[in-house]
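This report walks through one protein model, beginning with the whole chain and then turning to its pockets, one helix and one buried side chain. Please keep the sequence and the structure open beside the text as you read.

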Amino acid sequence: NRWVMIRLNDLLRLSEEQASIAKIKFNKDDGNENPIDIYKTNPSLINRQWLYWRNKNRYFNVGQIAICLVKIRDGYWLLTTVDTVDKELGVCKGINYEGTPFKEYKSYFGRTIIKFHKSFPAQGVDFNTVADELEVCQILPDTFDDDDFPGYDRVKLLYPQLRSILDRGKKDWIAALENQKAVYLITDINTGKLYVGSATSDYGMLLQRWRSYADNGHGGNKRLKEIVDSDGIDYVRSYFQYSILENYNAKVDDGVILERESWWKEILQTREFGYNDN
């Protein structure tokens with residue numbers, strides 16, 4: 001069988017006139033934030049703030065077609081929107097444009113992965129200059145999230161990731177956590193302080209325990225509540241990370257989990273130097 005390359009415009013089918021006024025913006029890690037991580041929790045922020053942000057250069061003109069690609073890893077990009085640019089706001093170093101997504105392409109947004117080797121420094125380029133090199137390598141069955149359950153020994157979630165997984169009801173994560181007892185760790189990546197907790201049948205297993213942290217940031221724990229009360233939930237959103245120290249199936253006696261929780265508090269000295277109160 002002969003291999004046939006499928007290009008982005010084989011999906012979009014832009015006319016010659018449309019292609020001539022289309023422009024792509026390539027968004028990637030700027031050293032402070034990685035847009036693909038932001039996309040997984042807030043896709044609309046990418047399509048507005050990252051696509052339409054202007055520093056010095058004017059990327060678009062009113063009436064142009066704006067195509068947003070977000071870097072997943074070297075050589076691979078995610079299509080997040082194709083817009084008509086409706087308005088320029090006259091803003092420098094801020095969001096300078098407003099646009100309307102093409103409804104006919106909506107099913108491709110967040111699902112289409114493009115293979116393209118970007119060898120130039122410019123973020124924004126005319127569509128026709130790269131159109132022949134934009135290879136469609138995959139159309140995902142669902143919106144890109146790149147956060148399938150990795151196994152209990154590889155769980156490492158920042159608060160926004162945890163909240164997103166629970167809000168979206170990610171089936172693989174729900175299945176992994178809902179009947180699991182565990183000793184878990186919360187890390188304040190700003191200060192390095194630790195909190196050791198446990199999930200038992202009394203607290204609805206690990207899923208319900210972590211859901212309580214997602215709901216209010218503290219899960220009812222005294223010292224964590226003090227942080228939320230003094231610094232707000234935004235502190236938790238920015239700095240709290242969740243991982244699993246030990247996991248157990250539902251048949252293990254709660255007393256075993258509580259004993260292991262105490263062991264880890266002693267080993268990590270979280271009562272003396274962390275956030276554990278008892």
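Two residues are in contact when heavy atoms of theirs lie within 4.5 Å. With that meaning in mind, residues 24 or more positions apart account for 67% of the contacts in the protein that have a separation of 6 or more. The model is a predicted one, and its secondary structure comes to twelve helices and 13 strands. The C-alpha trace spans about 70 × 50 × 30 Å along its principal axes, and 46% of the 278 residues of the protein count as buried.

**The two pockets**

The table sets out the largest pocket and the second largest pocket in the same terms.

| Pocket | Volume | Lining | Classes of lining residues |
|---|---|---|---|
| Largest | about 750 Å³ | 28 residues | nine nonpolar, six polar, 13 charged |
| Second largest | about 450 Å³ | 21 residues | nine nonpolar, three polar, nine charged |

In the largest pocket, the lining residues that lie nearest the centre are Asp37, Thr41, Leu158, Pro160 and Gln161. At least two residues of this lining come from each of helix H3 (35-41), strand S10 (156-158), helix H6 (159-167) and helix H10 (233-239), and H6 gives the most, with six residues.

In the second largest pocket, Leu140, Thr143, Phe144, Asp145 and Asp146 are the lining residues nearest the centre. Two or more residues of that lining are supplied by each of H3, strand S3 (65-73) and strand S9 (135-139), with H3 giving the most, at three residues. Helix H3 therefore appears in the linings of both pockets, if a residue is counted as lining when it has an atom within 4 Å of a pocket point.

**Helix H6 and its surroundings**

Which residues of H6 are buried? They are Tyr159, Leu162, Ser164, Ile165 and Leu166, and the buried residues of this helix pack against H3, S10, helix H7 (171-177), H8, H10 and strand S13 (240-249).

One of these partners, helix H8 (residues 205-216), packs with H6 at an angle of about 115°, and the axes of the two helices are 10 Å apart. The crossing in which H6 passes H8 is left-handed. On the H6 side, the residues that meet H8 are Tyr159, Leu162, Arg163 and Leu166, while H8 contributes Leu207, Trp210, Arg211, Tyr213, Ala214 and Asp215. Sorted by class, this contact of H6 with H8 holds seven nonpolar and three charged residues, and no polar ones. Just after H6, the backbone reaches glycine 169, which takes a positive phi of about 60°.

**Glutamate 261**

The last stop is a single residue in another helix. Glutamate 261 has its place in helix H11 (residues 254-268). Is this residue buried or exposed? Glutamate 261 counts as buried because its relative accessibility is 11%, and the cut-off for the word buried is under 20%. Leaving aside residues up to four places away in sequence, glutamate 261 touches Val183, Val196, Gly197 and Ser198.

Notes: Residues are numbered from 1 along each chain as its sequence is written. This is a predicted model: local features need pLDDT of at least 70, side-chain atom pairs count only at pLDDT 80 or more; totals for chains, interfaces and linings use all residues. Side-chain values use heavy atoms; hydrogens and water are left out. Buried means under 20% relative accessible area, exposed over 50%, partly exposed in between (1.4 Å probe, protein chains only). On a 1 Å grid over the protein atoms alone, a cavity is a set of points where a 1.4 Å probe fits but cannot get out, and a pocket is an open set with protein on both sides within 12 Å along at least five of seven lines; lining residues have an atom within 4 Å of a point. Grid points are joined across faces, edges and corners, and a volume is the space filled by probe spheres set on the points. Ala, Val, Leu, Ile, Met, Phe, Trp, Tyr, Cys and Pro count as nonpolar, Asp, Glu, Lys and Arg as charged, and the others, Gly among them, as polar. Axes are lines fitted to C-alpha atoms, for helices over the stretch in contact, and angles run from 0 to 180 degrees between N-to-C directions. A crossing is left-handed if the near helix is turned anticlockwise from the far one by less than a right angle, and right-handed if clockwise.
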